[in-house]
Amino acid sequence: MSLSEPKLFVISGPSGAGKGTLVARVRAQMPNLGLTVSATTREPRAGEMDGVNYYFLTDEEFTARVEAGDFVEWAQVHDHRYGTLASEVERNLSTGQSLILEIDVQGALAVKERFPDAVLIFIEPPSLEVLRERLIGRGSETPESLELRLHTAESEMQLRDRYDEIVTNDDLDRATDELISVLHRHERS
Ligand code: ADP
Ligand code: 5GP
């Protein structure tokens, strides 16, 4: 399908809702969809690679890039800073392909102000209990960071109505299909 204009999709939702899992599955079926690599001050998790999952920056490096005006948006999420580099958005849009920003709710609302045509998609877990189980199952959190993420999830869920689309990640295959059809519908519009 040829597109009249590349679309900017913003995907957010609580940590552990399944954004990364869904985006990887969608991109396997829609290889022309770009994904920006964000910058962060948090430590890499096991298996994460610099420049692939994130650009891992020190606090000083992040501050320098904020001061240089290098970010489209950035936000403090949980206890670290995360941001979208303008160079990443430009690199992807210059190829004429649609792209996904997987960013938190504060970043999503900032992107919508700057790019009103951006399509905001909220991925929600079936319940906070399921979210807790998924975060524990992922094995990535300490007891403290688990509680922090669950606490943040409650305030993130309150902003779900500001999104253009909401996809509940219950069954993974079903949610993947729904997300793909949402993306196709907006690419055609
Ligand atoms: P996020 O990127 O939103 O933080 P992840 O994609 O890392 O979330 O998913 C969190 C955990 O939940 C992972 O261990 C993932 O394998 C699992 N998961 C994701 N989607 C589902 C689903 N629909 N059903 C069961 N487990 C899921
Ligand atoms: P994690 O540490 O689990 O990889 O990500 C934590 C949170 O940071 C997630 O909600 C994720 O969407 C958000 N995030 C990742 N990259 C960015 C970004 O570039 N900007 C903003 N605002 N949030 C981001």
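## Two ligands, two exercises

In this predicted model, helix H1 is the element that contributes the most to the shell around ligand 1, giving 3 residues.

**Exercise 1.** Which residues and elements surround ligand 1, and how much of ligand 1 does the protein bury?

*Solution.*
- Step 1: Start with the shell. Ligand 1 has 13 residues around it, and the closest are Gly 16, Lys 19, Gly 20, Thr 21 and Arg 138.
- Step 2: Sort the shell by class, which gives 3 nonpolar, 6 polar and 4 charged residues.
- Step 3: Look for polar atoms. A backbone N or O atom of Gly 16 is 2.8 Å from an oxygen atom of ligand 1. On the side-chain side, an N or O atom of Asn 169 lies 2.8 Å from a nitrogen atom of ligand 1, and one of Arg 134 lies 3.2 Å from a nitrogen atom of ligand 1.
- Step 4: Turn to area. Ligand 1 alone exposes 570 Å², and the protein buries 72% of that.
- Step 5: Place the elements. Helix H1 (19-29) and helix H5 (128-138) are those giving two or more residues to this shell.

**Exercise 2.** Which side chains place a polar atom 2.7 Å from ligand 2, and how much of ligand 2 is covered?

*Solution.*
- Step 1: There are 17 residues around ligand 2, with Ser 38, Arg 42, Tyr 54, Tyr 82 and Asp 104 coming nearest.
- Step 2: Ser 38 has a polar side-chain atom 2.7 Å from an oxygen atom of ligand 2. For Glu 73, the partner at 2.7 Å is a nitrogen atom of ligand 2, and the side chain of Asp 104 also has an N or O atom 2.7 Å from a nitrogen atom of ligand 2.
- Step 3: The protein covers 96% of the 510 Å² that ligand 2 has accessible on its own.

Key: Residues are numbered from 1 along each chain as its sequence is written. Chains are lettered from A and ligands numbered from 1 in the order in which they are written. This is a predicted model: local features need pLDDT of at least 70, side-chain atom pairs count only at pLDDT 80 or more; totals for chains, interfaces and linings use all residues. Side-chain values use heavy atoms; hydrogens and water are left out. A residue is near a molecule or strand if one of its heavy atoms lies within 4 Å of it. A polar contact is a pair of N or O atoms within 3.5 Å; within protein, one must be able to donate a hydrogen and the other to accept it, and residues adjacent in sequence count only if both atoms are side-chain atoms. Accessible areas come from the Shrake-Rupley method with a 1.4 Å probe; for residues, only the protein chains shown count as cover. Helices (H or I, at least four residues) and strands (E, at least two) are DSSP runs, numbered from the N terminus. Ala, Val, Leu, Ile, Met, Phe, Trp, Tyr, Cys and Pro count as nonpolar, Asp, Glu, Lys and Arg as charged, and the others, Gly among them, as polar.
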